[in-house]
2 protein chains.
Amino acid sequence: MANTIYDVANLAGVSTATVSRVINKIGNVSPKTETKVKSAMEKLNFTPNSLAQSFATMKSKTIGFNISLTVSDEMRDYYIDSDYFTELFKGINRITQNTGYSILIINIKENLENIRSDFIDKKKIDGLIIGNQPEDTKIFRNIINAKLPVVYIGQLKKYNKGLHVYAQYSQYVKNVIEYLYNKNHRHIAYFGAKKEDEIKKLIKHNDDITLEYYNLLFNNKHLRETILELFNKKERPTALFYEELSGIQPVISILNELNIRVPEDISIVSVEHKKGLGNNFYPPITNVYVPVYEMGKRATKILIDYIEGNITEYNHQFDLESIIIERNSVIQI
Amino acid sequence: MANTIYDVANLAGVSTATVSRVINKIGNVSPKTETKVKSAMEKLNFTPNSLAQSFATMKSKTIGFNISLTVSDEMRDYYIDSDYFTELFKGINRITQNTGYSILIINIKENLENIRSDFIDKKKIDGLIIGNQPEDTKIFRNIINAKLPVVYIGQLKKYNKGLHVYAQYSQYVKNVIEYLYNKNHRHIAYFGAKKEDEIKKLIKHNDDITLEYYNLLFNNKHLRETILELFNKKERPTALFYEELSGIQPVISILNELNIRVPEDISIVSVEHKKGLGNNFYPPITNVYVPVYEMGKRATKILIDYIEGNITEYNHQFDLESIIIERNSVIQI
DNA sequence: CTGAAAGCGCTTACAG
DNA sequence: CTGAAAGCGCTTACAG
């Protein structure tokens with residue numbers, strides 16, 4: 001059997017309370033006593049049982065990370081494979097590794113109610129990070145209203161409450177279109193997740209811009225046909241805003257086939273969730289950089305601060321800025 | 001305060017032992033009693049405290065996943081960003097989500113000794129999966145000799161013990177070279193992690209093959225110069241075995257610049273850790289498919305079986321096969 | 001600065 | 001099929 005705190009206390013000739021104080025560096029212990037206890041721990045090769053510690057304190061020192069909530073299986077796989085997930089994960093990990101917290105992966109198939117009852121209520125985790133924008137459901141509202149330790153990424157429409165980190169998606173979609181507009185592009189093809197009418201609301205120069213809209217973000221089976229169709233029109237767009245960076249290479253390949261040069265014949269802008277990814281292409285792609293790594297770090301800091309009572313405020317949106325990184329895929333016309 | 005098992009027992013008019021039996025579906029409980037207990041749990045909105053459960057059973061129902069052990073920071077980032085990590089992670093998650101186990105991410109900066117004392121000894125995890133091939137250290141041998149619940153990926157040279165899953169790296173390197181040989185390639189450039197002399201030992205037709213060797217797997221800063229140099233020689237290779245799939249696109253771009261066509265002028269083979277990745281290129285790349293997803297699943301199954309006493313054997317290597325998937329980047333010459 | 005002791009919420013051999 | 005009670009290994013108010 002492994003040694004317990006009692007064995008240490010006996011060997012050191014002190015009480016378990018004192019051993020506990022030494023372990024947790026809490027309260028005042030005289031240097032002499034501390035030395036005795038430490039050498040007893042050493043001698044017995046003692047390491048505290050964290051299950052007992054967690055039980056006694058009702059704190060698991062663990063935060064849950066849920067990758068994607070209430071989405072289809074297809075979307076889930078997309079998330080885990082994405083740079084978005086990887087960067088978020090690295091950001092979270094970066095913070096936890098210096099705080100003594102561990103990351104518990106919350107099973108991907110769980111819905112929010114299961115997470116709440118199985119993990120938060122059962123104390124298996126001290127808090128939760130939700131990696132994607134949750135839907136505005138009754139369950140979610142209950143969680144927020146109960147002020148449970150949950151931080152989410154994104155924005156909750158019409159219910160801007162709770163603790164969340166947001167990179168202002170609408171803002172950067174707008175910024176890209178304006179960026180292209182300022183380079184005198186007036187005919188832009190958009191491939192992405194935002195809805196057509198939402199985009200139109202964002203843009204200032206609607207009368208002056210022709211926007212070709214395609215929402216095939218997670219289904220680019222028809223990419224080839226779509227691109228061919230688009231570029232066989234007599235009025236070709238001069239710029240492409242293609243949100244999904246992993247789809248850029250196929251697009252470039254198809255354009256190559258058609259002898260359409262980037263950027264001479266068509267300018268391209270995409271989105272990178274990891275800084276520098278646009279450099280992996282030929283030509284290097286001008287991208288919006290969404291600081292997902294930073295978002296993961298920020299979300300984790302906030303969560304731990306809230307768990308530990310360092311912040312008491314509960315409803316707050318933490319904004320991070322996305323910036324356009326200019327490379328060689330856009331020209332002024 | 002949240003309700004405890006005592007509250008449920010009182011309301012149902014039974015003992016806590018009986019409530020526990022109902023919760024854990026263990027032992028015999030009469031249907032009547034079960035109904036009473038269940039409705040009491042429902043009424044009180046009771047959910048067992050998993051910290052107390054873990055403490056009482058000394059089982060955390062959690063397995064640790066360590067991504068990379070005893071490697072440099074640079075390598076660590078490489079791992080997390082790689083398809084290898086993602087696929088392994090998905091495989092592990094796939095199994096845990098159906099077994100009641102959770103995944104605890106073991107902090108990336110930890111070394112094996114810290115993992116052992118902080119997680120395994122402290123009971124924070126029931127077992128550990130090590131995502132990469134561990135070095136043959138004293139600590140590692142101690143762990144294996146103590147038959148601790150640890151499963152690792154890869155092979156431990158000269159010390160082929162413990163539980164591990166292996167995709168036979170040497171074997172597939174050999175297979176690729178022979179595959180190219182059978183297509184009449186006699187001049188092959190290799191870019192990868194294996195050492196030159198190891199490769200020579202693997203190949204049958206050494207006298208008949210010219211192998212240009214480059215070990216720049218994790219440092220392709222000089223990729224461009226290297227490729228230019230290689231293809232400016234008068235004796236160009238006819239085939240390229242480039243292990244790092246994420247580097248294939250830059251290679252193709254550089255070849256495009258040089259007006260060297262794939263596969264007409266040069267055949268290319270790479271390695272994919274996720275099935276189908278070779279299709280994302282133009283032309284589609286003929287790849288070795290290493291079944292990392294499957295490896296993650298297998299490792300997790302073995303670990304859980306060992307933890308739960310379903311297997312008692314400790315020293316076993318579980319082999320998985322890597323296969324070559326033919327696409328359009330290799331020609332017969 | 002230190003100790004005695006209750007308590008955290010379950011599980012489980014044991015007895016019936 | 002069911003219950004009384006010990007026990008898991010810590011922490012922490014309280015007293016001194």
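For sorting the residues around a hole in a protein, Ala, Val, Leu, Ile, Met, Phe, Trp, Tyr, Cys and Pro count as nonpolar, Asp, Glu, Lys and Arg as charged, and the others, Gly among them, as polar. With that in hand, the lining of the largest cavity splits into four nonpolar, eight polar and two charged residues. Keep in mind that what you're looking at is a predicted model.

**The enclosed spaces**

The count comes to two cavities of 30 Å³ or more. About 190 Å³ of space lies in the largest one. Who lines it? There are 14 lining residues, and those nearest the centre of this cavity are A:Leu51, A:Ser60, A:Lys124, B:Leu51 and B:Ser60. Helix 4 (50–57) of chain A and helix 4 (50–57) of chain B each supply at least two residues of that lining.

**An open space**

Now for the second largest pocket, which holds about 1,700 Å³ of space. It has 50 lining residues, and the closest to its centre are A:Lys122, B:Pro48, B:Asn49, B:Ser50 and B:Gln53. Chain A gives two or more residues to this lining from helix 7 (112–120), while chain B does so from helix 1 (5–12), helix 2 (16–24) and helix 4. Here's how the two linings break down:

| Space | Volume | Nonpolar | Polar | Charged |
|---|---|---|---|---|
| Largest cavity | about 190 Å³ | four residues | eight residues | two residues |
| Second largest pocket | about 1,700 Å³ | 16 residues | 21 residues | 13 residues |

**How chain A is divided**

The domain assignment cuts chain A into domain 1 (5–57), domain 2 (62–167 + 292–323) and domain 3 (169–289). So how far apart do the C-alpha centres of domain 1 and domain 3 of chain A lie? They lie 62 Å apart.

UniProt, in an unreviewed entry, places the feature "domain: HTH lacI-type" at residues 4–57 of chain A. That span is 72% helix and 0% strand, and its end C-alpha atoms lie 17 Å apart.

**A sheet in chain B**

Over in chain B, six strands make an open sheet with the order 7-6-8-9-10-12 and mixed pairing. At the edges are strand 7 (210–214) and strand 12 (323–325) of chain B, each pairing on one side only. From one strand to the next, the twist averages 20 degrees.

In which sense do strand 6 (residues 187–191) and strand 7 of chain B pair, parallel or antiparallel? The pairing is parallel, over five bridges. B:Ile188, for example, has B:Leu211 in strand 7 of chain B as its bridge partner.

Key:
Residues numbered from 1 in each chain as written. Chains lettered and ligands numbered in written order. Predicted model: local features only at pLDDT ≥ 70, side-chain atom pairs only at ≥ 80, totals over all residues. Heavy atoms only, no water. UniProt positions renumbered as here; feature names shortened; annotations may be inferred. Helix = DSSP H or I, 4+ residues; strand = E, 2+ residues; numbered from the N terminus. Domains from an automatic or database assignment. 1 Å grid on protein atoms, 1.4 Å probe; cavity = no way out; pocket = protein on both sides within 12 Å on 5 of 7 lines; lining within 4 Å. Points joined across faces, edges and corners; volume = space filled by probe spheres on them. Pairing = 2+ DSSP bridges. Axes fitted to C-alpha atoms, helices over the stretch in contact; angles between N-to-C directions.
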